[in-house]
Amino acid sequence: MPPSPRRLFSRSETRPDTPRAAPPPPPAFRQSVGGVPAPAPRAGPGGQWERGSGWHANEQVCRGGGWLERGRARARGCKRSGSGSREHKGPGSRSSSAAMASAPPPPALFSAAEVQRRCAAGACWVRRGARLYDLTGFVRRHPGGEQLLRARAGRDVSADLDGPPHRHSDNARRWLEQYYVGELRGPTQDSQENGTVTYASAQDANPNVDPRCKSVDFEKDLVDWQKPLLWQVGHLGEKYDEWVHQPVDRPLRLFHSDFLEACTKTSWYIVLAVWSPLVMYLTWFYFRSLTRDNVRLFSSFTTEYAIPMSKYVFPFFFCFGLLLWTAVEYVLHRFLFHMKPPASNSYLIMLHFLIHGQHHKSPYDGSRLVFPPLPASLMIFSTYVILRIFLPETLAGIVFTGGLLGYITYDMMHYYLHYGSPSKGTYLYRMKAYHVKHHFEHQKSGFGISSKIWDIFCHTLIPETSEKEQ
Ligand SMILES: [Zn+2]
Ligand SMILES: [Zn+2]
Ligand SMILES: [Zn+2]
């Protein structure tokens, strides 16, 4: 479970004293680092480093204190690229604290040897020019596969971002910026121990970050990330559509109320625990009634028309249910989840954000990846009612059970596509790449999650050519 935002917003942390304090390593790194000396972690990182929280990304970029302070530090820090050469005093000099407050904090510097040492210890750092990114927490989720990224640990990925095999989207580049940790120390900087450090060479080595691809600046974002989002998002109006399609790696808080907030969250295994016993029971129940009793086709007040049916129709109707689900999945995702709310109606925007927008804004918020059982049961029950209109009870039941299995498979698969690391060449690997493209680049196509068949039929297929990687 991601940490509760209460903890995330903790102000107990203080800003590091020295401007050159290294960012705290993420937990994965801390665990895997072994005997390699790590930089002193900043005071009181608290319990923020939980799997999937994604906060570390922003955190490392900011390298500030509590969230408020961090935000400001970040607002300054993110403007770094593109500015000219700059000088700052080493850790020894703290005379001009007022000047420091207005000047952007200098980036943390890492030597090539240090980067290599961290990579050897299991971390996955890559660079673009002189800009360093810690992808340790992300590497498993990389749509191009974990191996592809690990093979590039410690190296410059500028060329890989442009492909071949795949040109990474603007959103993918913006995503990368979230993991920025500092700059690679050039040879000139290496020789300067204390005293004045010039950043000119590091700056020159940077490929200037495209403003479109810069990480979302949470201080200047359209919404206040320290407050619950749902109400704010409702008032974004025209800007909502663009905002919601710029994904970030951090959990969301929707409501102020802890109770309401908890109601919107569901762990993946809840879906499995609630629905799979029902599938097993219904499979047994309907198979038995098919083999034991005649199938009642329809009945009037006085007579009942029923015929015996072979048990072999069971798999046929069951598979029909599975297929029907893939169609439902497609229709729901395309026409309900991606219905564009009118900019003037804040309630429809909020509804959209609640049902699907939040997932596009924060695709790796694991607590909201699957349907909560309560709203799901309403939809599942109405599906059964609709099926009963067209089919006799037993047959409707079999189709329904197949469909329910399809739904569970879909929800589990969707979760896995976000968090799993399927091996290259497998069906899941291709579907992961496909679904991530829906999130990052082609939000108006690629609606199929468990399969592409309806995308093919309805001409919303994402082109194959650029599917290798995110
Ligand atoms: Zn979607
Ligand atoms: Zn998704
Ligand atoms: Zn990639």
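Colleague: Is Val 274 buried, partly exposed or exposed in this structure?

Modeller: This is a predicted model, and the label depends on the relative accessible area, where buried means under 20% and exposed means over 50%, with partly exposed in between. Because Val 274 has a relative accessibility of 37%, it counts as partly exposed. Val 274 lies in helix α15, which covers residues 268-292.

Colleague: Which residues form the nonpolar patch on the surface?

Modeller: The patch is formed by Trp 268, Tyr 269, Ile 270, Leu 272 and Val 274, and together these residues have about 410 Å² of accessible area.

Colleague: Turning to the interior, which residues have the most contacts inside the largest nonpolar core?

Modeller: That core has 35 residues, and those with the most contacts inside it are Trp 275, Ile 380, Ile 398, Phe 400, Leu 404, Tyr 407 and Tyr 410. The elements that contribute two or more residues to this core are α15, α16 (313-337), α18 (373-390), α19 and α20. Among these, α19 gives the largest share, with twelve residues.

Colleague: Which residues coordinate the zinc ion (ligand 2)?

Modeller: A general point about geometry helps first: ideal angles at a metal are 109.5 degrees for four tetrahedral donors, and 90 or 180 degrees for six octahedral ones. Here the zinc ion (ligand 2) is coordinated through the NE2 atoms of His 359, His 414, His 418, His 435 and His 439, at 2.0 to 2.2 Å. Along the sequence, these donor residues follow the spacing H-x54-H-x3-H-x16-H-x3-H. His 414 lies in helix α19 (residues 393-419) and His 439 in helix α20 (residues 427-440), so this pair ties together parts that are 25 residues apart in sequence.

Colleague: Are His 414 and His 439 buried or exposed?

Modeller: His 414 has a relative accessible area of 4% and is therefore buried, and His 439, at 1% relative accessibility, also counts as buried.

Colleague: Which residues coordinate the zinc ion (ligand 1)?

Modeller: The zinc ion (ligand 1) is coordinated by the NE2 atoms of His 333, His 338, His 356, His 360 and His 438, at 2.1 to 2.2 Å. The spacing of these donors in sequence is H-x4-H-x17-H-x3-H-x77-H. Distant parts of the chain are linked by the pair His 360, in helix α17 (residues 346-361), and His 438, in helix α20, which are 78 residues apart. Both His 360 and His 438 are buried.

Colleague: In what order do the strands of the open sheet lie?

Modeller: In general, strands of a sheet pair through backbone hydrogen bonds, either parallel or antiparallel. In this case four strands form an open sheet in the order β2-β5-β4-β3, with mixed pairing. The edge strands are β2 (109-110) and β3, each of which pairs on one side only.

Colleague: How many bridges join β3 to β4?

Modeller: Four bridges join strand β3 (residues 125-128) to strand β4 (residues 131-134), and the two strands run antiparallel. Within this pairing, Val 126 stands opposite Tyr 133 in β4. The two strands form a hairpin with two residues between them, and Gly 129 in the turn has a positive phi of about 60 degrees.

Colleague: Which residue has a positive phi although it is not a glycine?

Modeller: His 459 has a positive phi of about 60 degrees, and this residue lies in the segment after α21 (453-457). Because its relative accessibility is 73%, His 459 counts as exposed.

Definitions and conventions. Residues are numbered from 1 along each chain as its sequence is written. Chains are lettered from A and ligands numbered from 1 in the order in which they are written. This is a predicted model: local features need pLDDT of at least 70, side-chain atom pairs count only at pLDDT 80 or more; totals for chains, interfaces and linings use all residues. Side-chain values use heavy atoms; hydrogens and water are left out. Two strands pair if DSSP finds at least two bridges between them. Donors are N, O and S atoms within 2.8 Å of the metal (3.2 Å for Na, K and Ca); water is not among the atoms, so sites may look incomplete. Buried means under 20% relative accessible area, exposed over 50%, partly exposed in between (1.4 Å probe, protein chains only). Patches are made of residues with over 30% relative accessible area and no salt bridge: like charges are joined within 9 Å, nonpolar side chains (Val, Leu, Ile, Met, Phe, Trp, Tyr) within 5 Å. Accessible areas come from the Shrake-Rupley method with a 1.4 Å probe; for residues, only the protein chains shown count as cover. A salt bridge is a side-chain nitrogen of Lys or Arg within 4 Å of a carboxyl oxygen of Asp or Glu. A nonpolar core is a set of buried Ala, Val, Leu, Ile, Met, Phe, Trp, Tyr and Cys residues joined through side-chain atoms within 4.5 Å.
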